[in-house]
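Let's take a walk through this structure together, from its open spaces to its packed interior. Keep the 3D view at hand and turn it as you read.

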Amino acid sequence: MGRTLLIGSPKTSWREWLKTHRGGRDLLCLDPADPLLNPPGRCCLWKGERLHAWRFYGSLDPQRAPHVLLAALAKLLPESDPDALLLAPPALGTPLAEHTLRLIAELARPEAILVAPETALGMQGLPVGPEEVALEPAFPPLVQTAQRKAQWLGLLERCTLQDISLGHVAIEGVRLGSGRALSQAELDSLRLGAEHVEISGSTLFAVAPVEPEESALARALDHTHRAKVVLARPDAYERLLCSFAHIGGEDFAMGVVESIDFVKGIARVHSTAVAPAPVRILRLGGLRVSPAGDELGEARPWQV
């Protein structure tokens, strides 16, 4: 039968179609906002009704980190059966979304591509000609938000508060941890009033409770020979979705950041992992979720 790639739109849902046509086929979901995921914010491979494997994404926006979607596909596709169904992110009509969908199709090499009639996707350049199928309308946004809130509450109920040493983990998904962290002596010499500073390429990244004065920023850039500075407050990390992963990249627990103490180098995280968790990679997303399960918006990409 071969693989089948499913591409819908924000206004349609594959829910009823899958009930009728899935049968016993594997389902690889690359739409981080799909209500099937429970909780969302990740990419999942389902075998029957069992969650076989998943990859953290940390956002509901498929355009936020398309490289992570492709990494999830590379990880999960070899574990799926040859006739698996692949549920792609919805076609959003933007260049980035369209190019990402084409890359997904190129890597997955499906024998069939099914699309919703109103899908905003150019039909040229796909490995096989798409076939249009009728789909049900998606639930209204308020209903989808309520569904996700129930899923976030279910996640938080399974979490315990744990302390993670930042010095013993790699950090992914945000600017934090992407560069060389300055020593305490170097921090003192900059006189920025920052709790944490990193050098990454031509950028100086500083976590500071109060925005430094322009003269202090100019002095720090001159001292470190950087071209620009990116600032973040310590509380910018509070309530971000996160996951714990092993050294090989396998996610094994999901949760929410409570806070990060940059002076002590400790992240306090509500996580589904059993403490003490053998976490080697701390993945941070962009979506914030309150203790009551409400979505608090997303942090700007690469600003924290």
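**Pockets, cores and a few buried residues**

The largest pocket holds about 570 Å³ of space. Please keep in mind as you explore that this is a predicted model. Around that pocket stand 27 lining residues, and P10, D31, A33, P35 and Q144 are the ones nearest its centre. If you colour by secondary structure, you will find that β2 (12-13), α1 (15-21) and α4 (141-157) each contribute at least two residues to this lining. Helix α4 has the largest share, with 5 residues. In chemical terms, the lining consists of 16 nonpolar, 7 polar and 4 charged residues.

Now move to the second largest pocket, whose volume is about 270 Å³. It is lined by 19 residues, with A65, H67, V68, G173 and L284 closest to its centre. Here β5 (50-56), α2 (66-76) and β19 each provide at least two lining residues, and β19 gives the most, namely 4. The lining of this second pocket splits into 9 nonpolar, 6 polar and 4 charged residues.

There is also enclosed space to look for. A search of the whole structure turns up 1 cavity of 30 Å³ or more, and about 60 Å³ of space lies within it. Which residues line this cavity? They are P62, Q63, L69, P89, P90, L96, A97, T100 and L101. Helix α3 (residues 95-108) supplies the largest share of them, 4 residues. By class, the cavity lining has 7 nonpolar residues, 2 polar ones and no charged ones.

From the empty spaces we can turn to the packed ones. In soluble globular proteins, nonpolar side chains tend to be buried together. The largest nonpolar core in this model has 28 residues, and L176, Y237, F244, I260, L282 and L284 touch the most other members. Strands β14 (203-207), β15 (228-232), β16 (240-245), β17 (251-261), β18 (266-271) and β19 (281-289) are the elements that each give two or more residues to this core. A second core, separate from that one, has 27 residues, including L114, A116, C159 and L287.

L284 is a good residue to centre your view on, as it belongs to the largest core and is also among the residues closest to the centre of the second largest pocket. Leaving out residues up to four places away in sequence, L284 touches F56, I171, E172, G173, V174, Y237, L241, C242 and V257.

Follow strand β19 and you will come to V289. What is the relative accessibility of V289? The value is 1%, so V289 counts as buried. Beyond its neighbours within four places in sequence, V289 is in contact with W152, R239, L241, V256, D294 and L296. The pairing with W152 is worth displaying: the two residues are 137 residues apart in sequence, yet their C-alpha atoms are 7.5 Å apart in space.

Two further residues make useful stops. T203 lies in strand β14. Is T203 buried or exposed? Its relative accessible area is 6%, and because the limit for buried is under 20%, T203 is classed as buried. Setting aside neighbours within four places in sequence, the contacts of T203 are R175, E198, R226, K228 and V230.

A108 sits in helix α3, and it is buried, with a relative accessible area of 1%. Apart from residues up to four places away in sequence, A108 touches R3, L73, L77 and L86. For a sense of scale, draw a line from A108 to A227: they are 119 residues apart along the chain, and their C-alpha atoms are separated by 40 Å.

Finally, zoom out to the whole chain. It contains 6 helices and 20 strands. Along its principal axes, the C-alpha trace spans about 65 × 40 × 35 Å. How does the radius of gyration compare with that of a compact globule? For 304 residues such a globule would have a radius near 19 Å, and the chain has 21 Å, which agrees. Buried residues make up 49% of the 304 residues. Among contacts with a separation of 6 or more, 64% are between residues 24 or more positions apart.

Methods:
Residues numbered from 1 in each chain as written. Predicted model: local features only at pLDDT ≥ 70, side-chain atom pairs only at ≥ 80, totals over all residues. Heavy atoms only, no water. Core = buried A, V, L, I, M, F, W, Y, C linked by side-chain atoms within 4.5 Å. Buried < 20%, exposed > 50% of the residue type's maximum accessible area, 1.4 Å probe, protein only. Contact = heavy atoms within 4.5 Å. 1 Å grid on protein atoms, 1.4 Å probe; cavity = no way out; pocket = protein on both sides within 12 Å on 5 of 7 lines; lining within 4 Å. Points joined across faces, edges and corners; volume = space filled by probe spheres on them. Nonpolar A, V, L, I, M, F, W, Y, C, P; charged D, E, K, R; others polar. Rg over C-alpha atoms; globule rule 2.2 N^0.38 Å.
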